[in-house]
Amino acid sequence: MGSNADPDDDLKVTPPKSWATGLPAVAHALEYSLSQTSPRRTALTLLNINQAKGIDCPGCAWPEPPAGKRHLNEYCENGAKHINDEATSRRVTREFFREHSIAELDGKSDYWLNQQGRLTEPMVKRPGATHYEPIGWDEAFAILARELKALASPDEALFYVSGRLNNEAAFLLQLFARAYGTNNLPDCSNMCHESSGSALNETLGVGKGSVSLDDIHESDLVFVVGQNPGTNHPRMLSALEETKRSGGQVVAVNTLPEAGLMRFKNPQKARGVVGRGTAIADQFLHIRAGGDLALFQALNRMLVEADDAAPGTVLDHAFIEAHTSGFTEFAEQSRKVSWDDVLAATGLPREQLDELFDRVLNARKIIVCWAMGVTQHKHGVPTIREIVNFLLARGNIGRPGAGVCPVRGHSNVQGDRTMGVWERMPQPFLDALEKEFGFTPPAHHGLDAVDGIRAMHEGRAKVFLGVAGNFVRATPDSDVTEAAMRGCRLTAHVSTKLNRSHTVCGDTALILPTLGRSDRDVQNGVEQFITVEDSMSEVHASRGKLPPASPHLLSEVAIVSRLARATLGDEPALPWEEFENDYGTIRDRIARVVPGFEDFNARVSVPGGFTLPNPVNAYDFRTATGKARFTCNDFTMPEIPAGHLLLQTLRSHDQWNTVWYAPNDRYRGIHNARRVVLVNPDDLNELGLADRQLVDLVSVWHDGRERRAEGFRIVSYPSSKGSAAAYYPETNVLVPLDSVADVSNCPTSKGVLVRLEPSRTPESAPAPDGEEA
């Protein structure tokens with residue numbers, strides 16, 4: 001098995017790749033998998049991942065093809081790494097915690113913590129203790145229940161959920177929280193796609209995407225805006241390959257050139273192994289950071305003016321009249337969009353915009369896909385509203401091959417929200433809970449992730465329960481977040497592996513180890529399955545195949561059920577033990593509470609599951625006007641003072657969420673280092689900085705508090721002018737807690753104003769012979 005020590009930091013830079021995947025991806029996936037576990041276990045996971053009766057990948061939320069049309073190897077490089085990182089044969093035992101103090105663990109890297117292996121039994125850090133020690137499940141639940149019952153108000157507790165959680169456990173967790181008396185249900189959507197939900201609910205009445213895989217395949221034109229499929233959801237490239245082979249076109253809009261959007265070598269097809277693969281993007285718009293709002297405002301001005309010049313030939317007036325509101329005001333504002341503003345905000349020449357507009361006019365069916373490059377800006381919500389305007393103007397909502405496609409980056413993040421994990425669930429959902437379970441859920445809105453951190457920091461929240469995920473490293477303003485967590489009376493984390501959140505402890509801290517997605521789940525002698533919902537509203541089953549990592553593990557359903565019994569007793573009287581013993585009984589209740597899940601058990605037992613209906617595709621817009629809404633959005637762009645850059649935080653290719661598997665980002669040509677900052681060479685010249693210079697990144701925010709990330713090596717890179725890029729979670733410290741998107745409260749992790757200062761501890765740059773041509 002490979003070493004679990006930290007790799008040496010020894011930066012080497014090669015030219016960025018011009019294509020993604022191919023056989024090297026297969027080799028890297030197998031190399032990492034075999035470093036974690038045996039060939040037999042690796043084969044078992046890889047042959048079952050994303051199969052109709054197998055394990056749903058715990059990685060991204062990109063959908064699978066229909067059952068019967070899936071490849072034997074229906075996974076990507078990062079999915080293979082992720083599943084075998086979970087299926088690792090390494091174990092973290094009580095002896096490990098006896099050997100390592102919490103302070104020592106807090107000094108270790110994220111990589112080192114993750115590489116120690118699977119957690120095997122519950123652990124507690126008691127008040128004043130320096131080490132975790134073993135604890136029985138009953139006592140662990142008793143401690144947590146006692147703290148919850150001792151709070152002055154249920155609103156002093158936070159129940160955080162990561163997108164790894166399954167539908168059944170998510171439904172039970174929100175049920176428990178609301179029966180306990182709070183809507184404090186922050187989740188990872190708060191930090192990534194909250195802007196999508198806010199904008200889509202307002203304009204279309206549903207906060208989800210409206211397209212299917214078939215729509216992607218048959219679209220005439222697909223925009224890929226502010227996302228990197230080659231790293232974050234590589235199976236999307238297979239779908240875009242089908243778009244191209246069906247005659248459609250793809251436009252990439254990004255601050256960085258991304259290899260997967262240049263050319264894709266599909267390792268499951270001969271042309272991807274021995275041929276050149278498939279060129280993906282027909283046009284690449286190398287946009288300035290935060291310029292997407294201006295881009296779509298420009299396209300909308302061009303559409304309106306083209307229709308003014310030839311009435312009825314450009315816009316879909318029949319659709320607009322029948323299904324939308326607010327068009328007149330939108331069109332009037334669009335005519336006033338300033339070309340000077342557009343060109344300044346986008347950094348694009350007018351000729352590129354004209355070329356793009358020609359593609360738009362020649363396309364009848366258009367899809368716009370986006371991810372965090374759009375949502376994590378202060379003006380993320382107006383940008384998505386403007387995208388909706390663009391699609392509505394030509395009727396590209398609700399028909400095949402067209403629509404909105406927010407691409408979620410985590411397995412069941414969409415399903416968790418559908419199950420009620422949201423601090424602002426609408427009243428009809430709460431009413432349905434009351435009718436089904438006989439208690440009245442609290443109606444007042446709860447706290448999201450950002451407001452939850454603020455509440456802990458101010459002493460208004462005292463108990464934190466995190467179910468899956470790594471809250472401390474996923475959130476902004478790292479120093480503030482860690483201080484907030486350490487101020488809690490109790491912090492508890494339901495986890496499969498060790499991570500940074502376990503080292504940032506409240507007065508009392510609990511580690512509650514759970515089954516992984518790949519583990520068999522047997523309750524009361526009967527093997528169970530769980531369900532998930534992907535980015536395109538397809539709900540399907542997942543069945544673990546491996547023996548559990550320890551006989552002391554409980555499933556997430558069991559943990560929530562037992563905690564609820566310990567905390568609530570019989571008030572209200574809910575069948576927690578029944579839920580724990582038979583997950584089908586949970587699905588029966590979901591079927592009566594959540595619209596679209598009728599006859600849940602029967603429908604999900606069909607291989608491949610079922611697709612939730614989206615009212616948008618039936619032209620049923622559940623908005624304030626009863627129609628799809630055109631909106632008027634004021635022009636804005638990030639202001640970047642002289643001597644500063646706009647930083648976006650991003651993943652490396654060898655990374656999943658906050659966990660990195662190797663210190664490489666081979667598509668971008670970065671090897672053996674993570675503390676690097678990618679900067680346009682023209683910006684380096686203007687700033688008087690040099691390639692490979694060691695610098696500190698200092699964020700600029702009006703509260704006057706210095707936020708500094710030290711010791712980053714500059715890499716001259718074709719990032720868009722005025723912007724820079726660096727990996728998270730190392731740069732989360734730079735994102736101010738109060739720097740959030742308007743409306744959605746989503747952290748602005750793609751728009752952090754920074755200055756680069758020579759490092760406080762300068763050292764010589766690597767020798768030139770460390771580079772490759």
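In this predicted model, Ala 20 stands opposite Phe 264 in strand S10. That pairing belongs to the contact between S2 and S10 (residues 263–265), two strands that run parallel and are joined by two bridges. The wider arrangement is an open sheet of three strands, ordered S2-S10-S11, with mixed pairing. Its edges are formed by S2 (20–21) and S11 (278–279), each of which pairs on one side only.

A further set of strands is found later in the chain, around strand S22. Strand S21 (residues 530–533) runs antiparallel to S22, and four bridges join the two. Within this pairing, Ile 530 has Ser 542 of S22 as its bridge partner. The hairpin of S21 and S22 has four residues between the strands, and there Ser 537 takes a positive phi near 65°. S22 also pairs with strand S23 (residues 610–611), again in the antiparallel sense, over two bridges. Here the bridge partner of Val 539 is Phe 610 in S23.

How many of the five residues of S22 are buried? Five of the five residues in S22 (residues 538–542) are buried, so the strand is largely enclosed by the rest of the structure. It helps to recall that side chains in a regular strand alternate between the two faces of the sheet. In S22, Glu 538, His 540 and Ser 542 lie on one side, while Val 539 and Ala 541 lie on the other; all are buried, and both faces of the strand are thus covered.

Attention now turns to the nonpolar interior. In soluble globular proteins, nonpolar side chains tend to be buried together. The largest nonpolar core of this model has 69 residues, of which Leu 144, Leu 148, Phe 159, Phe 171, Phe 176 and Leu 510 touch the most other members. Helix H8 (residues 167–180) gives the most to this core, contributing ten residues. A second core, separate from the largest one, holds 52 residues, including Phe 223, Phe 319, Val 388 and Val 404.

Phe 176 deserves a separate look. With a relative accessibility of 0%, Phe 176 counts as buried. Leaving aside residues up to four places away in sequence, Phe 176 touches Leu 148, Phe 159, Val 560, Leu 563, Ala 564, Thr 567, Leu 568 and Trp 576.

Aromatic pairs come next, and the structure holds 25 of them. One of these is formed by Trp 137 and Phe 141, whose rings are stacked at 5.4 Å centre to centre, with 25° between the planes. Trp 137 and Phe 141 are about one helical turn apart, because they are separated by four residues in helix H7 (residues 137–150). Both residues, Trp 137 and Phe 141, are buried. The rings of Phe 176 and Tyr 180 have centres 6.2 Å apart and planes at 35°, so this pair is tilted. Phe 176 and Tyr 180 are likewise about one helical turn apart, being separated by four residues in helix H8. Tyr 180 is buried as well, because its relative accessible area of 12% is under 20%.

Ring pairs also link Phe 96, Phe 97, Trp 112 and Tyr 132 into a cluster. Trp 112 has a charged neighbour too: Lys 108 lies over the face of its ring, at 4.7 Å from the ring centre. Elsewhere, the charged end of Arg 651 sits over the ring of Trp 656, at 4.1 Å from the centre of that ring.

Terms used:
Residues are numbered from 1 along each chain as its sequence is written. This is a predicted model: local features need pLDDT of at least 70, side-chain atom pairs count only at pLDDT 80 or more; totals for chains, interfaces and linings use all residues. Side-chain values use heavy atoms; hydrogens and water are left out. Two strands pair if DSSP finds at least two bridges between them. Buried means under 20% relative accessible area, exposed over 50%, partly exposed in between (1.4 Å probe, protein chains only). A nonpolar core is a set of buried Ala, Val, Leu, Ile, Met, Phe, Trp, Tyr and Cys residues joined through side-chain atoms within 4.5 Å. Contact means heavy atoms within 4.5 Å. Rings of Phe, Tyr and Trp (its six-membered ring) pair if their centres lie within 6.5 Å; planes under 30 degrees apart count as stacked, over 60 as edge-to-face and the rest as tilted. A charge sits over a ring if NZ of Lys or CZ of Arg is within 6 Å of the ring centre and within 35 degrees of the ring normal.
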